[in-house]
Amino acid sequence: TAARAWWKEAVVYQIYPQSFNDSDGDGVGDLQGIIERLDYVASLGVDVIWLNPVYQSPQADNGYDISDYRAIHEAYGTLDDWEELLDEIHARDMRLVMDLVVNHTSDEHEWFQRSRRGEDGYRDYYIWREGETDEYGDPTPPNNWGSFFGGSAWEYDEKGESQYLHLFHEKQPDLNWENPEIRSDIYEMIDWWLEKGIDGFRMDVINLISKPEGLPDGDPDSDPVGVEQFANGPRTQEFLNEMAAETFDDYDAMTVGECVAIDVDIAGDYVSADGPLDMAFHFQHMQLDQQDGWWSIEDWSLPDLKSVMAEWQTDLDGWNTVYLGNHDQPRIVSRFGDDEEYREASAKLLATFLLTHQGTPFLFQGDEIGMTNCPWASFEEMRDADAKNRVALALESGDIEDYDEAREVVEFRSRDNARTPMQWDDSHNAGFTDGDPWIKVNPNYEDINVAAAETAEDGILSYYRELIDLRSDLDVLVYGEYELLLPDHETVYAYRRTLDEPSVDVDDVLVVLNVSPTETGVSVPVDTDAALLFGNELDASDASSESHDSIDLDLQPYEARLYDLS
Ligand code: TEU
């Protein structure tokens, strides 16, 4: 059994500040707005809040473009508001994890301003290259690397008279981690926040910080081009070890690194017991429906999802994270469940998935009431820098003629789907703001909202609460070993969790999920009696055991069940 730690037992709830709750009517969520809703968050039973970036930012990428690491974005409030938020979170026995964005800054950060002017000691804070010029004398990119948001990763800067690297938006220049001064500036900043008493960091694209010497061209077929060069670069491990030694190691802080292009082996380097990070987010299950890139709409298959989950659950040398969505992904019920007829059942099934694997669950705001993807009727409604950039490039190049040709993909994949305002009640703007919301409110707010969820006795919200409770009661759900059953079944996902600890009553649990809109009979190979522990169909009868080596179940559409096998 893994060594105990508070962050392994924790359930994390992610708050996207601009879309959570607006206290002052400017249409943008803010820190006081979050404080107003903390009792609600605490009522879920979660232990940790991960707050997306709230630092000063021109908001070219919703706060992932930071212009001052030690100041709060004006629309969100002040540093005093932030201190109050931290205190109020701690007063409710929860913890606060902040976002750490240090692969890049905003181009409006003072460092970049100085760097582009070539000020002494600052040029090397970012990655500048001369590049060639084409037949018209226009600069061509120094290599073929592509941006995660589409297009080239290079931008010519007139003031700097050369090109700088930006793996994301052109307003997000990449920092040059080869420069030891930038590293010590960052470590000081990290310490500054840790000293304020925060409980950890979610580290944005942290395995992109080490670029290989000479910035060699990437495989033109990779997406984005060059990712195999700049992800997990040669000094990543060294930089992360140095960072941990200079900062986190002195605190009881949790760290979770968002890691692009990692597999279970690479992850082990980062999160094993003596690795620099506590946990990592990987993308292998997020890629199942986009093997052919952003523009293609693909189905995912349950056997594929199971095999990704099982590999990480059994082979990772370290502690897992468990997530199905966040602020960068479509809504989980629209993507992995059914957001129409079976919205309620499938949202509960996904809750069961999130809360019964081994690893720390990360829940995203609104999923606990089954919020869905949103209809994006026009380009003007879009806010996501990624989706907008891709659609704009496609319009420019003539790949599409008008927005309508992109609409289906946008509604399927745009990050805006997760970023529509939290739906609190059925009043104007879903109770999110008295002003004009910065992004469209999902028109289904009159039916799907927290107030309605609070009155629904057996609704999605109460299901989340009960299951979070159950997880904190049952060690086996946190620390138990995982075993995949029925790996090839097309629609049923079944797994067993067992804990080798004589002192606990419940040390053997079976999870069965019918991930389909069809009633399904299934025979699950377990050789013990099974007592129903929890599920999303109230009238689920006990498992019948017709033979000694399996139990036969008749599952409703999107039915989820937990059995005690102890
Ligand atoms: O995301 C990094 C990332 O690789 C993706 O999830 C990315 O958003 C996606 O591929 C684009 O479609 C992190 C943040 O979570 C994201 O919000 C930021 O935009 C990005 O880094 C840059 O800081």
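Visitor: What makes up domain 1, domain 2 and domain 3 of the chain?

Guide: Domain 1 combines 6-103 + 180-372 + 443-461, domain 2 is 110-165 and domain 3 is 480-564; such bounds come from an automatic or database domain assignment. Residues are numbered from 1 along each chain as its sequence is written. The model is predicted: local features need pLDDT of at least 70, side-chain atom pairs count only at pLDDT 80 or more, and totals for chains, interfaces and linings use all residues.

Visitor: How many residues does the contact take from domain 1 and from domain 2?

Guide: The C-alpha centres of domain 1 and domain 2 lie 30 Å apart. Eleven residues of domain 1 and nine residues of domain 2 take part in the contact, where a pair counts if the C-beta atoms, placed from the backbone, lie within 7 Å.

Visitor: Which strands stand at the edges of the sheet E6-E10-E9, and why?

Guide: E6-E10-E9 is the order of three strands in an open sheet with antiparallel pairing. Strands are DSSP runs (E, at least two residues), numbered from the N terminus. Strand E6 (128-129) and strand E9 (154-157) each have a single partner strand, so one side of each has no neighbour in the sheet and they stand at the edges.

Visitor: What makes E6 and E10 a pair?

Guide: Two strands pair if DSSP finds at least two bridges between them. E6 and strand E10 (residues 162-165) are joined by two bridges and run antiparallel, so they meet the definition. Arg129 has Gln163 in E10 as its bridge partner.

Visitor: How many bridges join E19 to E21?

Guide: Strand E19 (residues 520-524) has five bridges to E21, and the two run antiparallel. Thr520 stands opposite Leu555 in E21.

Key. Contact = placed C-beta atoms within 7 Å. Helix = DSSP H or I, 4+ residues; strand = E, 2+ residues; numbered from the N terminus.
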